Amino acid sequence: MGTAFAVVLVFVGCCSNVVSLELLVREFPGCGNIVTFAQFLFIALEGFIFETNFGRKKPAIPLRNYVIMVTMFFTVSVINNYALNFNIAMPLHMIFRSGSLIANMILGIIILKKRYTASKYLSIALVSAGIFICTIMSAKQVNVANEGSEEEGLFAFMHWLIGIAMLTFALLMSARMGIFQETLYKQYGKHSKEALFYNHCLPLPGFLLLSTNIYTHCLHFNQSSPVVVPGVGLTVPIMWIYLLVNVVTQYVCIRGVFILTTECASLTVTLVVTLRKFLSLIFSILYFQNPFTTWHWVGTAVVFLGTLLYTEVWSSVQAALRGPEVKEKKAE
């Protein structure tokens, strides 16, 4: 029951979150900071009440370690959202972030001196190839969209390259944070709910640096089309409705992943999250009519094929199929 419930939370929460984020970004491409702030504030308040018991519960992991983790987490969140200001389409944004396997493997080899099997290296090559195909195709679309002036086209392309560089940096930083978190859990034990709270609470003062941008978008949100909230009768600007939906679905998504990690093996978690990303991508393309060529589909298929190969799904299926045969032989 717990596993099925967690899977439903992940698919419903995460997919709805992507839809609400695109609704926000299509109206105001630079609204990433206010979205991130709202998400952090909501999760921090929930954790303060239910995880820390209004601050009375001491952290199991020393606070100084959380400060390091939070600095990386805050940087990754802000850069990922801010990259949308640089001609980065939402499908490309989602596909590019699927490259976390590459970043984790590279840093695992460099920092942890890990070695992997041939299938792991092949999967990483596939994911890299898929992202490369999608990135090149998106670069061509940026050039085509700005054919009117050679100078304007070059500026748009350089603008887009900055966005790609930001996504690459965020990808590597996220992988480094994962390795740091892994070492902390080995030393102090797993405290995922505690980490979730401090990762969202400690960065809140950092949003003061972004206060002007957040305030500006508050004014923009106030000027959006008003809608009547059913059952309440209040008239609220539509962008605030989208933001509320985004914050709630982000929380549902994170909670679903957390429950899944406690109920299932990491293989199952990775598979569910991968399928969720794929469904979000398909919905984004079809519903919002994002430009997506045949080569984009090829790149997407290669990315997810590489991800599934990394999780060793086929080996697990073969082992499951061999299970009954082994039992029969033992019975004989």
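I started with the small one: the second largest cavity has a volume of about 30 Å³. For the record, a cavity is a set of points, on a 1 Å grid over the protein atoms alone, where a 1.4 Å probe fits but cannot get out, and lining residues have an atom within 4 Å of a point. Points are joined across faces, edges and corners, and a volume is the space filled by probe spheres set on the points.

Ground rules next. This is a predicted model, in which local features need pLDDT of at least 70 and side-chain atom pairs count only at pLDDT 80 or more, while totals for chains, interfaces and linings use all residues. Residues are numbered from 1 along each chain as its sequence is written, and side-chain values use heavy atoms, with hydrogens and water left out.

**Cavities**

I looked up what lines the second largest cavity and got Glu-51, Thr-52, Lys-57, Lys-58, Pro-59, Glu-194 and Tyr-198. By class that is two nonpolar, one polar and four charged residues. My classes: Ala, Val, Leu, Ile, Met, Phe, Trp, Tyr, Cys and Pro are nonpolar, Asp, Glu, Lys and Arg are charged, and the others, Gly among them, are polar.

The count of cavities of 30 Å³ or more comes to two. The largest cavity holds about 80 Å³ of space. Its lining is Ile-43, Glu-46, Gly-47, Phe-50, Glu-51, Lys-193, Leu-196, Phe-197, Tyr-251 and Arg-255. H2, helix H8 (192–201) and H10 are the elements that give two or more residues to this lining. Helices here are DSSP runs (H or I, at least four residues), as are strands (E, at least two), all numbered from the N terminus. H2 has the largest share of the lining, with four residues. I tallied the classes here too: five nonpolar, one polar and four charged residues.

**Helix H8**

I checked how H8 sits. Seven of its ten residues are buried, so H8 is largely enclosed by the rest of the structure. Buried means under 20% relative accessible area, exposed means over 50%, and partly exposed is in between (1.4 Å probe, protein chains only). The buried residues of H8 are Glu-194, Ala-195, Leu-196, Phe-197, Tyr-198, Asn-199 and His-200. Leu-196 and Phe-197 also line the largest cavity, and Glu-194 and Tyr-198 line the second largest.

**Loop after H2**

I went through the backbone angles and stopped at two residues. Asn-53 has a phi near 55°, a positive value in a residue other than glycine. Phe-54 is not a glycine either, yet its phi is positive at about 60°. Most residues other than glycine have a negative phi. Asn-53 lies in the loop between H2 and helix H3 (63–82), and Phe-54 lies in the loop between H2 and H3 as well. Asn-53 counts as partly exposed because its relative accessibility is 37%; Phe-54 counts as partly exposed at 46%.

**Aromatic pairs**

My search of the whole structure gave twelve aromatic pairs. Rings of Phe, Tyr and Trp (its six-membered ring) pair if their centres lie within 6.5 Å; planes under 30 degrees apart are stacked, over 60 edge-to-face and the rest tilted.

Phe-42 and Tyr-251 form an edge-to-face pair, 5.6 Å centre to centre with 75° between the planes. This pair links distant parts of the chain, with Phe-42 in helix H2 (residues 32–50) and Tyr-251 in helix H10 (residues 238–263), 209 residues apart. Phe-42 is partly exposed at 34% relative accessibility, whereas Tyr-251 is buried at 17%. I had already met Tyr-251 in the lining of the largest cavity.

Phe-221 and Trp-240 are edge-to-face too, at 5.3 Å centre to centre and 80° between the planes. Phe-221 lies in helix H9 (residues 211–222) and Trp-240 in H10, so the pair ties together parts 19 residues apart in sequence. Their C-alpha atoms are separated by 6.4 Å. Phe-221 is buried, at 0% relative accessibility, and Trp-240 is partly exposed at 26%. Leaving out residues up to four places away in sequence, Trp-240 touches Ile-34, Cys-218, Phe-221 and Asn-222; contact means heavy atoms within 4.5 Å.

I also noted a cluster in which ring pairs link Phe-37, Phe-40, Phe-73, Phe-74 and Phe-207.

**Overall numbers**

The protein has 13 helices and two strands. Buried residues make up 44% of its 332 residues. Of the contacts with a separation of 6 or more, 80% are between residues 24 or more positions apart.

Notes. On a 1 Å grid over the protein atoms alone, a cavity is a set of points where a 1.4 Å probe fits but cannot get out, and a pocket is an open set with protein on both sides within 12 Å along at least five of seven lines; lining residues have an atom within 4 Å of a point.
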